[in-house]
Amino acid sequence: MKTLLLGAVLVGLLSGGAVAQTIDDQYQSPIPEERTFLRNNDKYEGLVADVGREETFHTFKGCFKIGWIKRQKLTRTEWDLAVDQMAKDCRMEPLEAEEKDIIVEYLAKNYGRRR
């Protein structure tokens, strides 16, 4: 009888501790919420602050994920071609030369590779 009672007490303690641990973990998760990955709730989704960031973001945010753009490592020439293709894929009118140059320069400088 003592063994059965002791077993029941241990099970109760262990299960109560497990529940308490689960509740504590819920409030102190080591994994940050998704929105904390963006610095200061950055409205430009983490694009490098530089000349051309706003133009790039506002031109392509509607049809491209900014994360995809940030992962590309293209040369300036490749970005030049990619921007034309991206505009076409977004069913946009071709960009004006000045705006396109700003975007291509921004992307090549911040998300490019040198050749």
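**View 1. Ile66 and the residues around it.** Leaving out residues up to four places away in sequence, Ile66 touches Tyr44, Glu45, Leu47, Phe57 and Lys61. This is a predicted model, so read every value here as computed from predicted coordinates. Ile66 sits in helix α3. With a relative accessibility of just 2%, Ile66 counts as buried, because the cut-off for that label is under 20%. If you want a backbone distance to go with the Leu47 contact, the C-alpha atoms of Ile66 and Leu47 are separated by 7.8 Å. Along the chain, those two residues are 19 residues apart.

**View 2. Arg53, a buried arginine in helix α2.** Arg53 belongs to helix α2. Is Arg53 buried or exposed? It counts as buried, at 18% relative accessibility; the cut-off is under 20%. Its side chain reaches the backbone oxygen of Leu47 at 3.5 Å. Setting aside neighbours within four places in sequence, Arg53 is in contact with Asp42, Tyr44, Leu47, Val48 and Tyr106. Tyr44 and Leu47 turn up here, and they are also on the list for Ile66 in View 1.

**View 3. The disulfide between Cys63 and Cys90.** The structure holds one disulfide, and here it is: Cys63 joined to Cys90, with an S to S distance of 1.6 Å. The bond ties together distant parts of the chain, 27 residues apart. Cys63 is in the loop between α2 and α3, while Cys90 is in the loop between α4 and α5. What hand does the disulfide have? The torsion about the S-S bond is about 70°, so the disulfide is right-handed. As for the two ends, Cys63 counts as partly exposed at 40% relative accessibility, whereas Cys90 counts as buried at 15%.

**View 4. Helix α4, end to end.** Helix α4 covers residues 76-89, which is 14 residues. From its first C-alpha to its last it reaches 20 Å, close to the 20 Å expected at 1.5 Å a residue. After α4 comes Arg91, and its phi is positive, near 55°.

**View 5. The two sides of helix α4.** Which residues of α4 are buried? They are Trp79, Ala82, Val83, Met86 and Ala87. Looking down the axis of α4, these buried residues fall within an arc of 135°, so they line one face of the helix. What do they pack against? Their partners are α2 (53-60), α3 (66-71) and α5 (97-111). Flip to the face of α4 turned away from the buried side and you get the exposed residues Thr77, Leu81 and Lys88.

**View 6. Zooming back out to the whole chain.** The close-ups come from a chain with five helices and zero strands; from the N terminus on, the elements run α-α-α-α-α. Of the 115 residues in the chain, 26% are buried. Among contacts between residues at least 6 apart in sequence, 63% join residues at least 24 apart. The accessible surface of the chain comes to about 9,000 Å², and carbon and sulfur atoms account for 56% of that.

Conventions: Residues are numbered from 1 along each chain as its sequence is written. This is a predicted model: local features need pLDDT of at least 70, side-chain atom pairs count only at pLDDT 80 or more; totals for chains, interfaces and linings use all residues. Side-chain values use heavy atoms; hydrogens and water are left out. Helices (H or I, at least four residues) and strands (E, at least two) are DSSP runs, numbered from the N terminus. The expected span of a helix is 1.5 Å times one less than its number of residues. Buried means under 20% relative accessible area, exposed over 50%, partly exposed in between (1.4 Å probe, protein chains only). The arc is that of the directions from the helix axis to the C-beta atoms. Contact means heavy atoms within 4.5 Å. Accessible areas come from the Shrake-Rupley method with a 1.4 Å probe; for residues, only the protein chains shown count as cover. A polar contact is a pair of N or O atoms within 3.5 Å; within protein, one must be able to donate a hydrogen and the other to accept it, and residues adjacent in sequence count only if both atoms are side-chain atoms. A disulfide is a pair of cysteine sulfur atoms within 2.5 Å.
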